[in-house]
Structures are given as C-alpha cells and as structure tokens.
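The exercises below walk through a structure step by step, each with a worked solution. Keep the sequence and the 3D view open while you read.

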Amino acid sequence: MSGWDNIRSSTRSQQGRSHSLNQREPSRTVTLGRVQPQAPAFRTIYCNDRDANFAHRYRGNSVSTTKYNFFTFLPKGLYEQFRRVANLYFLMVSILSATPYSPVHPVTNVVPLSLVLLVSLIKEAFEDWKRFQNDMAINSTPVDVLQDQRWESIPWKKLQVGDIIRVKQDGFFPADMLLLASTNADGVCYIETANLDGETNLKIRKALERTWDYVTPEKACEFKGEVQCEQPNNSLYTFTGNLVIDNQTLPLSPNQILLRGCSLKNTEFVVGVVIFTGHETKVMMNSMNVPSKRSTLERKLDKLILTLFGTLFTMCLIGAIGSGVFIDRKYYFLGLSKSVEDQFNPNRRFLVVLLTMLTLLTLYSTIIPISLYVSIEMVKFIQSTQFINKDLNMYHAETDTPALARTSNLNEELGQVEYIFSDKTGTLTRNLMEFFKCTIGGEIYGTGMTEIERGVAERKGIKVQEVPTSINSVREKGFNFDDVRLMRGAWRNEPNPDACKEFFRCLAICHTVLPEGDESPEKIKYQAASPDEAALVLAAKHFGFFFYRRTPTMIYVRESHVERMGKIQDVSYEILNVLEFNSTRKRQSVVCRYPDGRLVLYCKGADTVIYERLVGGSDDLKKVTREHLEKFGSAGLRTLCLAYKDLAPDVYESWNEKFIQAKSSLRDRERKLDEVAELIEKDLILIGATAIEDKLQEGVPDCIETLSRAGIKMWVLTGDKMETAINIAYACNLLNNEMKQFIISSETDAIREVEERGDQVEIARFIKEEVKKQLKKCLDEAQQYFHSVSGPKLALIIDGKCLMYALDPSLRIMLLNLSLNCSSVVCCRVSPLQKAQVTSLVKKGARKITLSIGDGANDVSMIQAAHIGVGISGLEGMQAVMASDFAIAQFRFLKDLLLVHGRWSYIRLCKVVTYFFYKNLTFTLTQFWFTFYTGFSGQRFYDDWFQSLYNVIFTALPVIIVGLFDKDVSSSLSKRYPELYKEGIKNMFFKWRVVAIWAFFAVYQSLVFYYFVTVSSSTSQGSSGKMFGLWDVSTMAFTCVVVTVNLRLIMICNSITRWHYISVGGSIVAWFLFIFLYSGIMTPYDRQENIFWVIYVLMSTFYFYITLLLVPVAALLGDFLYLGVQRWFFPYDYQIVQEIHKDEADDSGRTDLLGIDNQLTPDEARSYALSQLPRELSKHTGFAFDSPGYESFFASQLGVYAPQKAWDVARRASMRSKPKPKPNKIN
Amino acid sequence: MDTDRERHRARETAFYLFTQQSLPACKPVLTPGWVIAIFLFMGVIFIPVGLVTLRASHCVVEIVDRYDIDCVPEPSRMDKVSYIQDDSIPKNCSRFMKVHKYMKAPIYIYYQLDNYYQNHRRYVKSRSDKQLLDGQKYHDTSSCQPVESNNNRPIVPCGLIAWSLFNDTFEFIREGAELKVNRKNIAWKSDRSHKFGKNVYPFNFQNGTLIGGGKLNPEIPLSDQEDLIVWMRTSALPSFRKLYGRIEEDLDVDDVVVVNLMNNYNTYSFGGKKKLALSTSSWLGGKNDFLGHACVFAGCSSLTLAIIFMLLHVKYRRPYGDMSYLPWNRKSFSG
C-alpha cells in the first residue's frame, strides 16, 4: 500500500507544480536496475491532433527486433564473428600466411576461414530474417483509429502518439494508451496482463469520470485534450501524468493506463489515446537484452582450446629452437653463403628462431579446429529447431503448443542438470482447485482417486481400474466430486443430515467470494481471492446451496431440498461480522443471522487451530475426522475443517462491542482484532472437513520420480504458505512419510514473541541466531544420517524469512551443506529475488548445473539466474517464456527434454568435440614429426589444398552427422533407465581423462601414419625401379589420414544410419575425386606443380594398395583394442543397457514404456513391498489454504500495486448496491 | 501423379523419422564375440598379405657400397672438403662390388645420399615449374631465390635444386667388359612430358662464381635431361636414393663388378654419406622388409589378442545383458 501512496503523492506534488513545469529540473528516475536519463521531464501529447504532435517527432509505432539491417549486416556481422577468439586467431594466421615466412599458401587458412564465416553469416541472416518477418506480422496487425468521425482500420505501425483508437474485446493494445471510455458501465474495463507478468486474473482499469462518454466516434472526435506525462520508462507499475481538458487538470494514475502487450477482456471495446508508441512502450523498454548463456561444456571446451594453444606453442617452440640449432653454412646446397634472408641466416640464429616460430605457427594452425565452433553451432541449431521443437512427445495437443528451444546454446547443458528449481503454481499444479472429497459427521464422501494414490497403488502392484463415474455426476471446472449420496438432495437420507446441512451452509456462507454475471447456477461466476474459496462455494452450489448474491450486509443463498425434497427457496443471511483469514489465525469465521433470527458463527480453517477450539465431547467424531484428514493429506489433498457454533444474542452483543472497538482502534488493529476473534471462536462444533485437490499438472509425480531416479534433485520454490507447499510436495512425490524432514520455520513461538516486541534490530539478530541454531542442529543430524548406510532420505523445508537469514554470507555454507545432502528441498514464502538467490547459491556455491522452471513473472529472475531457464508456455503469460531458454507446455515434458534430448545432445556434443580434437591433433602431429626431418625448416608435408580442405570437406560432414544422429539407446530406454542420465551429471564423456585417451591415440596414430609411410617408401616402388618424391609420400600419408580418421568416426557411433555411410563414404570419395582432378590438371596459374599426376603414379604401384590396407588398420588397432577392453571391463552404463536390449527392434513406435516396475528383480520387489507397508505415524493431514495476502506479499516485494485482495472484493461488492446484469459476451 | 504423391509421402515420412529421431539404424554392439571375430579376421587377412610382401622383398637382391670416404685418397682424408673443392685433383676412383646372389636384369643403379636435406623449405621452394616448362619465355624467376639469375640474365633451370645437381658418374665393368648402363627412362613419365619443356634448353647454367653441382649439356632439351628430372623430384626424407640407370644384363653369383666413378659431388661439407646401390626389383619394388614385417606383426598381434580375449571370455565371462550388472542395481544389493 505504501508504494501506492507514493505514487499518488507524487502525482499530487506534480499537480501542485504544474504551473511551474518549465522550471523543473530534469530528473532521473531510478527504476529496476536501470537508470534512465530523461531530457525534459515530461512530454505533452495533444490528443486527436496529429499536426500538433508532429512537432515533437515522437517515434512511430513500428517495432523492430532485428539485429542488423541491409547495410549494417556485413560489418556488424563480421565484427560479431571476429569477437570469437578462434576466428580472430585464424584471421591472424591468414594474414601471417600471406607473408614470406609462411610455408603455406594463404589459401590454406583463408579458405576454411571464409567458409566458416560464410556459414555463420548465413545462419545469422536467416535468424534475423525470421525476426524481421515476425516484426512485420506484428507491425501490420490492424487497429481501429479515429479518422473523420469514423473508425478506420490501419496497421499498428502507422499509429501515432495522440491518436484515438478503439480496441475490441480480446484484442491486444497496440501501444501504451490512456483509457478514455469503455462500453462497460462506469468506464471500467478488464484487462489481462498475462504477457507482462504472467497473471491471468483480470485487472480492472477505470477511466476518469470526465471522459466516460467518448465512446462513439462522433463523440470521440470532439475530444480535445492534452496529456502531460512522464517520459517513456520501463517501470510497468508506475505512471504519472495529467490530463488537461478545458483548462481543467486531472491527475492520471496507472489505473487509467492500458499497456501494450495486455489484452482486453469482458469488455466490448474501449477507446483510448495513444501515449507511448513502439520502442517507447513500457513493455518494449522492459525487454532488455537477456545476457546470453554459455553452456558449461562450451566453457570447458575453451579450456581445451587453450590447452591446444599451449600445445601449439610448445610444438612451435621445439621446432623453432631446432631450426636455430640446425641452420648452418655447411649445408651449402641451401645457398646460405651469400646474403641470406633473415629467416635462414645462420649468423642471426635468434632471429631465425623467432621467424621460424611464425612459420610453424601457420604450419600447425590446423591443430586449432577452426570449423569446430561452426559445426557445433550447426549441430545445435538443427538439434533445437528440428528435434526439440518438433518432438511429438513434447507436443501438447490441448493447447497446440510444441516445445520451443529459444536458444540453441544450451542443448547439451540439458544433459547435465543436477538441480531443478521449480515454481509451484502453474508449473507443478494447474492452479486449479477442485472440490474432491469431504468428510461430514464421520463419514467420507467422494469416490475419486488422486494421482498420487494411483501412483502408490501402482507401485504396490495393484491394478487400478478407472472408477466408472456415475452417469449423472456433475463435472465443472473446480468441482470434481462424485458421490451420489450427497447429490440432488440424497444427503437427506444419510445418517447425519443435519451435519450435512450445516456443512453446506458453512460452505455457502463463510467466505469472501463475490458472484458475477447472471444469477443462474449455470452462468454465475465466482470471483475469489483464492481459488480454494471459489471451489468451496462452487461445491455448495452443486450440493444445492446456491450462493448467488452478496450485498455489504447480506448473503443470498438459493437452498434446495432443505425442508423437503425438491423444494427450492431463496434464503437471505445477514452477515454481521467477518473475521478475516490471515496466516497466524489460519481460519476464517463469519457471524450470520438466519432469517428466523438464529445467530450462528461458521468457521473454517486448519485442523490444528479448529481442533484447539472445539467444544469438549464427541471424541469419536473428532478421532474419525482426524483419521480422514490424515488420509486426505497423504493423498495430496488440501484440507479445511469446518465448524459452527450457535450464539446467544446477549453473548454476541457484548462481544460485538469489543469487536467494533478493536476495529476502530488506530494502533495494533490487526493484533487486537485477532485477540477479539479468539474470544468468540471457541467451543466450536465440528461438522467435517473438505478436501480440495490442487490439481497437479498431468504426469507430475511420475516425472518427478523419474527425474529423481536420474539423480536430479528437485527444489520447489514457492510463494505459498508452508502447509500448501508441503502438501504439494507430498502430492508430487517429493516428500513422503519415510523421509526425515528438517523444517526451519520462522513461525515459532520464540520468534513470534520477539517480533511482537517490535524492535527490528533485535528481531533480525534473534531470527538469525535461531536460524543458525536450527541449521546447525539439522546439519549435525543430517550428517549422522548421511554417514549411516541405509538412513532415510532427507528433506529440507524452509520458509522465506528464515531463508533470508540463511542466505547471509556467514550461514550460507551451512545452508548449502545441509541442502546438498537433502534429496528434496522445499522453500516456501520466498520472494522472486530469493528464488534467484537460492538458485545462484547452488549454481555458484556447489558448482552444479541448475535448471529453473516456472511460468510466471515472479519466476523470471530465477529463470535467468539458473544455467538453464525453462518456461511453461501455452496457458499462462509470456514473461517467463520470454526470459527462458526453453519453453515447454507441461512440466512432464521435462522428462523428455532432459532425459532424451539433453542426454543425447550432451553425448553427441562430447563426441563431436573430442573427435574434432582428435582428428586435428592427429593431422597436425604428422606435420610435426615431419618437421624433425626437414632440418626444422617448416617445410609443409602436405599440399596447401589438402591442408585447407581437410577440415572443411574431407572430414567435416560425418562429424556433423554424428552430432545429429548418434543414439546410444533409444528414447524410450532413456526414459526407462533414467539412471543413465547420471553419466551426464558426472560429465563422464568430457573429462580430461577422456581427452587424454583421445590425445594418446592421436599421437599413436600420427606416428603410425608418418613412420609407416615414410619408412616403407624409402626404396623404389613398383617394378620400374623409380623412386617416390616428397609429394608422393605426403599424398600417400594424407590418403591414409583421411581414410583412417573417417573410419575412426564409424567406431564411435552407437547407431549407424544410412547418412553415416553416405557421409563417411562421401568424404573418402570426395578426397579421391578431388585428388584425381587436382593431380590430373596443370593450371596456367603460377604455382608449383608438385601434385601433378602424383595419385596416378601412386595408384600404379601395389605399394599404394597394401599401404592403404595396412596403415589404417594398424592405426586403428590400438583404438579398437581400447574400445574392446573398455566395454569388456569398464563398461559405461549405457553400454550395459545397450547389451540388455541388443536384440530388440528399434523403438517400437515410440510409445511410452512407462512401466517402471515390471523390470524389478524379485529381491527388489520384496524390498519395495516392505518399504510400502503401512506405518503408524502419518502426521500429515494436508491443511492448506492460500492466504489472501500472499499476492500482496509479492506485490510489496516488487513495489507492485495489487488491487485483488479479499477485502477489496468484499468492498467492491458493498459499493455495488445491486449487481446489474452486465453484457457478458464471453459465454 | 501417383508416383509424385508417393514420393511426396516418402519424403514426408523420411522427414518425420528425422525430426522424431527414429531413422532406421544399425546398432553395432561390440560384444566379446565381435571383438574376437574381428581380431581373428585381421590376423587371417594380414599374416598372408605380410608373408607375400616379405617374400617379394626377399626376392630382391641388393648390393650397397658406401664410397664417399674410401674414394678420398688417404692423404686428403684429413680435409675432405678442400679435396672435393679442388678441381685440379682428379676425382676418379674404383670400387669393387661382389655379387652374392644371382641378379636378374634389369638391375637398377641408385645413388644414395644421407643427411642431405632435399626437403628443406628453402630448398624445396627454390624452383620455377613454369620456367622448366616454358624456358626463357617465362621471366619471373623470383621463386628461384637465391639462384635465379647470373649477370642479369636468368638461369635456366633456375633455383637451388637444379644448381645442386648430383654429378658423380659411374661406370661398371665386369670381367674386363663394360656393362652397358641404360640411362633413359629413369624419371617418371609424367615429369618428363609435362613438367620439363621439350624446347627448353639449359641457359646461363652454372656460370656463376659458385658452382654447386653438375652441369648440363646446353644442346639437350630439359625434357631429355633425365638426371636433372630425377634430381628435381625432391625427396621426402634427408636420406634418399635416386635412380641413376639400369644394367640390362644379368649378374651371376660371385661376379665382381668394378665401378669406376667420378667422385665429384661434395657431401663432405655437411658430413653426408654417399652410397651406390645395385638392386633388382620385384612386383612390389625394391628391397624393403618394413611393409611385410608390419603386416605380419599386425596380423600376429591381432591373432594373439583374439586368443587372449577368447581365454578371458571362457575364464571370466562378463554377464552380458544382465540387469544386475547395472551400477544402480548393484548398489542396491550391496547397500
């Protein structure tokens, strides 16, 4: 509220100063993370007057999100490319190779570099083109603008500041605009801000009373006014400005502003004035460039590249020193006696060393795999656009949403995630509360089975058949209850009909819900602060107690079957007092007067608080109900106890006086109200309890279970109350009663006591001490469990306030140690900022790969803080998706995203990288060995074109094919054996050990290539007695290298498709085609004709064929031996799975083989059965009720104006004397 | 029409399989059976190939004679460099080579140089292929540094390689009769006909102050100067052989061949060796056991590995395709 006051006061102060606006100094508005310098502090907009506005040259409404335009593409694109070290390095080498020091022709380095650049630029251009098209589509969306007393349809981009426009129902606002008039009464309109903050509940905007009439075009064109308002800024929730009409200055507030990106709901149309356009709209100013994330694998790759640079330097140094030692006049055939250029001058050996260094640098440049980055990019691009985006297993048919990889940088990171941070509402749950079961007078009603019950049953091996729903069962969103015993008045025949009646009345009366729409059971809509409440009222409706109207003092209920079957009567209850819900009270009460004068207090709340206040006696009922509550709780349901109490008029009157006194007190009103409430909320009579299913998203428990088997730890970070959070954690298998739970809560008596004293410093110190104590205790205990062999799994539950102190640098380590030992962690009542803090605590502190998943604006910071951000797309708003790296429609798709795509991408990328490393090292080392035999002169072994095409043609394609198609196990097996994912978490395939093994074999192979070929060619070949020269030998060696390196690729493949054969065969064939052509022609171009006819000479000898057979085999023998031994004695997990399913056909139709338990060994099955035996204590009863205040909790964190509060709803009701039927076009 | 539609559907199916990543693939699993089989196969292939290669190499008779030191008269051996650089001293020398095995014609004569860096960068690039083909018509001889011109006139053939042409000569006498040496067709045909011009004659060659090696007869076109062509196909390693000619008569066992040679070429400066080699040739080429040995070795080690793996397979059979071998299952048993 205070934030709201600030805004208002600032408005007022501006108003006061409006006469002296010109003297105002330019102010700097500090907003979220950005400082906005503003030249003039305000802008003046002349409504409906394009000519007057023209002078200001406001920006148009067309929006461009492209990176380049036609002219900047080349310079900017190239600049971007050369920011990469590898490209810059190759540019330098290319320049170097144009100097006389180079042993190679510039073509050697220029060709690969330009090919790489070309591919990258084409990719950039393609992506930018798509962005451009997207912009075009948005910019040409039509909107109605007022021109000549008519609504003309023009595209968005033509819109200008000051235009008066009309937006129809469900339409999006094309720019930030000032609401003038609405077709709804009182100038009210409803907007959905899902695109901005992810909240789907409708917000109300209200026009100034002065402008209500400008609805029709005729009227609207008469509107002349000036808007003086702040300069464009990125603060979504503030706006200051004035509207000047007829010399009258009216203050404007955010309440009159409709932001671009929002859409109009429940209103036929609105009329407004455009104030900010295009890039100056608040939503566009908010879309800052998200810092691009780099995957850990890529960062490790950088280290590898650095190591390669080190190796390169060492090689060059060795060669250069050798050349300094070698060079000598005695080799007269080198012509060193006369004046010699510096590079070979024996008198200046040091210079020789330096220059040879440069020479060798260009010669060995191939050790840095130039095409690596572009290949990786290409592979990842196809992986994300073709595989992830088009995977039917991640396609949500209901909302028509496929998965979306918004960045292709992080594909392989998905294969290494160890921690998942999940939001609750909207991610794990659908935020859809459904009345599911209830217990009345010791009798359970409701036949449904929750997903968690089903899961438990399935694990026990019980076959669950779908309970046939009775034919006449009613289903509505929010009501999923099926039991004929209560429906259609059948409750009258139940053992305890009076309890039933009180139960239903309690549901229908004790709430703060507001009905909207038609007063018929079919069309009515309930507006509630929390969806639980709406579900309860809805349930009452279905039980025949239809709450249809609320006035400030009355509640009207249409009751059926009360007096006799089939009788329907409208009953009005006078509401005398509402004792509101809050988190300390955990209950809500209503005192009402029946038409017959009976005074009743209805109360609903957490079982703990209700049981404390029950009247003595009827212990059986209490016991049975408690058992039921526990049963509901362990089924993942949210429970509320209902109770009532008849009041005597005199008791009530005396209490009411105290109540009124408390209500009007100015100091400590809340506390006093609570105290007064205590006086009357006692000696209650228990009626029963409700059980609401917080509907989980489909497949969540199964997904979480699978992910936890994959070694991924799940943290739930939620703004909800602890009880709610624990409940959901139970429902989705994160917690169970076998776990040791550590609860660190600020809701202890000790803390509350200190808080009541009100000394902020003291509170902080005390809570910190307390948190420290608790953390220490938990940590000690945890370590005890951790050291014992078969201890229970651990879970940590901590609330936001404690977390705030636990995140303090001094306690951080302890928190981290504790939480890393826990298999699941639940953080409740955390702010968006804390979500991000926790995420980065694990990310930085534990150096583990983290993934955040969420759906709303409050998850954005968390999504951006984690290594990988995943947004839930489809239903809710766009904010989370816009900040995310991947968007999926359902939480359960995480399984596919991580276990299938992530794992594959990771393994593929590892293969691509290590293979690249190997092939370039092998190739370069043969050069290196040759250097020793050339007097360290830096003579090249291979022809220029061989060297330049080696990376881009002869070995390029197969490795990309591996990056796309390699599959160790099929997708269904990946999901069936989630444990395989652990190999990624441990980074098994890109350890230094793996790289070292590749390096070892690269050295071995290069030695084989070099020595086998040179030694075997030292005598004459063929029967003609003629000798081979340098180029014959090198062509032979190169042929062996190309063949071997390509064959080696086949050896790393786990599955070989047609494309593998084509690409590997194609690469080898490409080499032969090339060399046939290249050595077959003499060019008029001035160059040395070294290679002329070489291949034909070679192929005329038997030597060629025997060598071509021997050398690759000899080179690969070592690798093959290694592979055989490795698989035999130290198999990877995936290899065992491969062997198990060796003979199975490939992916039988990709149907989900979710059977987790059919593969259990008998021993396992028994141990599982043992673990599933019923335990004695099951403390969990499942109380949960979203406090109406929790939204404002976020709001105050963000400085957000949050109008939706329970009492607001009630107040709104009281202001409307008679709810008039609204034109509601939705239904 | 129908085929069109079918093709379209086939393409769609292929694309579907591609995006769903379920392209038909063969999945090789390297089971012990496969490992053993492949090693066995390698052994079976390479041992015969190696034996055949070795046999070919063994058929070749080769006589090698190092003559660089022995051909320097005893008194000059202290300072071989000044001996070789002194033109006034006659450089002829006689060597005796005994044939230890019947040699069938053609017998190839090679000279072999050691520690001679024909593959040095400065050396390799010091030539002009254009000039060799076009002669004086081609003026740009900058690539021939530092032997590109003399007295402001271009040298043909230019460059260090040609300049340092080997110029020892050999004559062979058996039982008093001179053995005819065929010095034609000693260079690769592709070099002769495409790289060295038929109308290009040596010009201004070895006229400078520094004379490196052999001179060329200016009357004979480069395409017929086969010594030069052979020399200019630079060798891969600093120790190399080059073909000098062919004796086209058989040599019998215990024949003694007298070699009268002119020891002109200076290898003494840099301590290089000079050798003369007489060798017959097989279908595979000259005497070189390396390939054969390598093949036999590869084959034998494959066989050995196959046997070792087989023994291992019998003795310590690893449970293949066993669920309990999975680490997470193993852990659950131990724990």
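Helices and strands here are DSSP runs, numbered from the N terminus, with at least four residues for a helix and at least two for a strand. The model is a predicted one.

**Exercise 1.** Locate B:P106 in chain B and describe the peptide bond that leads to it, and then treat B:P157 in the like manner.

*Solution.* Begin with the strands of chain B: B:P106 is found in the loop between β3 (92-98) and β4 (107-113). Next look at the bond that runs from B:A105 to B:P106, which is cis, with omega near -5 degrees. For B:P157, the place to look is the loop between β6 (153-154) and α6 (160-163) of chain B. The bond that joins B:V156 and B:P157 is a cis peptide bond as well, with omega about -10 degrees.

**Exercise 2.** Trace the open sheet of five strands in chain B and find which strands stand at its edges.

*Solution.* The strands follow one another in the order β2-β12-β4-β10-β9, and their pairing is antiparallel. At the edges stand β2 (62-66) and β9 (181-182) of chain B, and because each has a single partner strand, one side of each is left without a neighbour in the sheet. The partner of β2(B) can be checked directly, since five bridges link β2(B) with strand β12 (residues 274-279) of chain B in the antiparallel sense. Within this pair, B:R66 stands opposite B:K275 in β12(B).

**Exercise 3.** Do the same for the open sheet of nine strands in chain A, and say which helix packs on the sheet.

*Solution.* Reading across the sheet of chain A gives the order β16-β35-β34-β33-β17-β29-β32-β31-β30, with mixed pairing. The edges belong to β16 (404-405) and β30 (740-744) of chain A; each has a single partner strand, so one side of each is left without a neighbour in the sheet. Inside the sheet, strand β29 (residues 713-717) and strand β32 (residues 824-828) of chain A pair in the parallel sense over four bridges, and the bridge partner of A:M714 in β32(A) is A:S824. Helix α24 (residues 809-821) of chain A packs on this sheet, where it touches β17 (419-422), β29, β30, β31 (794-799) and β32 of chain A, and its direction makes about 135 degrees with that of β31(A).

**Exercise 4.** Describe the contact between chain A and chain B, moving from its extent to single pairs of residues.

*Solution.* Start with the extent: the contact takes 116 residues from chain A and 103 residues from chain B. The area buried between the two chains is about 9300 Å², of which carbon and sulfur atoms give 65%. A:Y332, A:F333 and A:W1128 supply 10% of the area that chain A buries against chain B, which is more than any other three residues.

Then turn to the polar side, where 28 residue pairs between chain A and chain B are in polar contact. There are two salt bridges between the chains, and the side chains of A:D1032 and B:R233 meet in a salt bridge at 2.5 Å, N to O. Helix α37 (residues 1102-1129) of chain A gives the largest share of the side of chain A that touches chain B, namely 16 residues. That side has 60 nonpolar, 35 polar and 21 charged residues.

Finally, consider strands across the two chains: strand β36 (residues 1056-1057) of chain A and strand β1 (residues 25-26) of chain B run antiparallel and are joined by two bridges. In β1(B), B:A25 is the bridge partner of A:T1057.

Terms used: Residues are numbered from 1 along each chain as its sequence is written. Chains are lettered from A and ligands numbered from 1 in the order in which they are written. This is a predicted model: local features need pLDDT of at least 70, side-chain atom pairs count only at pLDDT 80 or more; totals for chains, interfaces and linings use all residues. Side-chain values use heavy atoms; hydrogens and water are left out. Contact means heavy atoms within 4.5 Å. Axes are lines fitted to C-alpha atoms, for helices over the stretch in contact, and angles run from 0 to 180 degrees between N-to-C directions. Buried area is the accessible area (1.4 Å probe) that two parts lose on being put together, summed over both. A salt bridge is a side-chain nitrogen of Lys or Arg within 4 Å of a carboxyl oxygen of Asp or Glu. A polar contact is a pair of N or O atoms within 3.5 Å; within protein, one must be able to donate a hydrogen and the other to accept it, and residues adjacent in sequence count only if both atoms are side-chain atoms. Ala, Val, Leu, Ile, Met, Phe, Trp, Tyr, Cys and Pro count as nonpolar, Asp, Glu, Lys and Arg as charged, and the others, Gly among them, as polar.
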